[in-house]
Amino acid sequence: MKKKSATAYEKHIIKCPACGKDALDHMTECPSCKAKLTPLNYQPMDSSVTRKIRLVLTVVLIIAFAIFLIIKYLF
Ligand SMILES: [Zn+2]
């Protein structure tokens, strides 16, 4: 099931060293045989951005919860 042109998705396909099946380069384990993979194009930028977004979401949730508690106690 190969396409004519390499899509962005296909650029991220790597071969699993354990079973030879396709896996994605950001995966830490093979979807077929669950072998440990080393993500080749692992970008620390992405993980730091993800961590930042998660932190912001956590802070927003805490603030929202605090506002909810304040409103509950005030009214
Ligand atoms: Zn595998």
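**Fold and zinc site of the predicted model**

The protein contains two helices and two strands. Along the sequence these elements follow the order α-β-β-α. The model is a predicted one, with a mean pLDDT of 85 for the protein and 83% of its residues at 70 or more. Confidence varies between the elements: helix 1 (residues 8-11) has the lowest mean, 82, whereas helix 2 has the highest, 91. Where pLDDT is low, the predicted coordinates should not be read in detail.

Burial and contacts were computed for the whole protein. Of its 75 residues, 12% count as buried. The exposed surface of the protein amounts to about 6900 Å², and 68% of this area is supplied by carbon and sulfur atoms. Of the contacts between residues at least 6 apart in sequence, 4% join residues that are at least 24 apart.

A zinc ion is bound by four protein donors, namely the SG atoms of Cys 16, Cys 19, Cys 30 and Cys 33, at distances of 2.2 to 2.3 Å. The angles among the four donor atoms range from 103 to 114°, and the site is tetrahedral. Because four donors count as tetrahedral if all angles lie between 85 and 135 degrees, the computed range of 103 to 114° satisfies the criterion. Along the chain, the donors of the zinc ion are spaced as C-x2-C-x10-C-x2-C. Cys 16 is located in the loop between strand 1 (13-15) and strand 2 (22-24), and Cys 33 in the loop between strand 2 and helix 2 (44-74); the pair therefore ties together parts that are 17 residues apart in sequence. These two donors differ in their accessibility class: Cys 16, at 3% relative accessibility, counts as buried, whereas Cys 33, at 34%, counts as partly exposed.

Aromatic pairing was examined next. One aromatic pair was found in a search of the whole structure. The pair consists of Phe 65 and Phe 68, whose ring centres lie 6.4 Å apart and whose planes meet at 25°, so the arrangement is stacked. The assignment follows because planes under 30 degrees apart count as stacked, provided that the centres lie within 6.5 Å. Both residues belong to helix 2, where Phe 65 and Phe 68 are three residues apart and thus separated by about one helical turn. Phe 68 has a relative accessible area of 48% and is partly exposed. The helix that carries this pair, helix 2, is also the element with the highest confidence, at a mean of 91.

Terms used. Residues numbered from 1 in each chain as written. Predicted model: local features only at pLDDT ≥ 70, side-chain atom pairs only at ≥ 80, totals over all residues. Heavy atoms only, no water. Helix = DSSP H or I, 4+ residues; strand = E, 2+ residues; numbered from the N terminus. Buried < 20%, exposed > 50% of the residue type's maximum accessible area, 1.4 Å probe, protein only. Contact = heavy atoms within 4.5 Å. Areas by Shrake-Rupley, 256 points an atom, 1.4 Å probe, with all protein chains shown as cover. Donors = N, O, S within 2.8 Å, 3.2 Å for Na, K, Ca; no water. Tetrahedral: all angles 85-135°; square planar, octahedral: opposite > 155°, others 65-115°. Phe/Tyr/Trp six-rings, centres within 6.5 Å; stacked < 30°, edge-to-face > 60°. pLDDT = per-residue confidence, 0-100.
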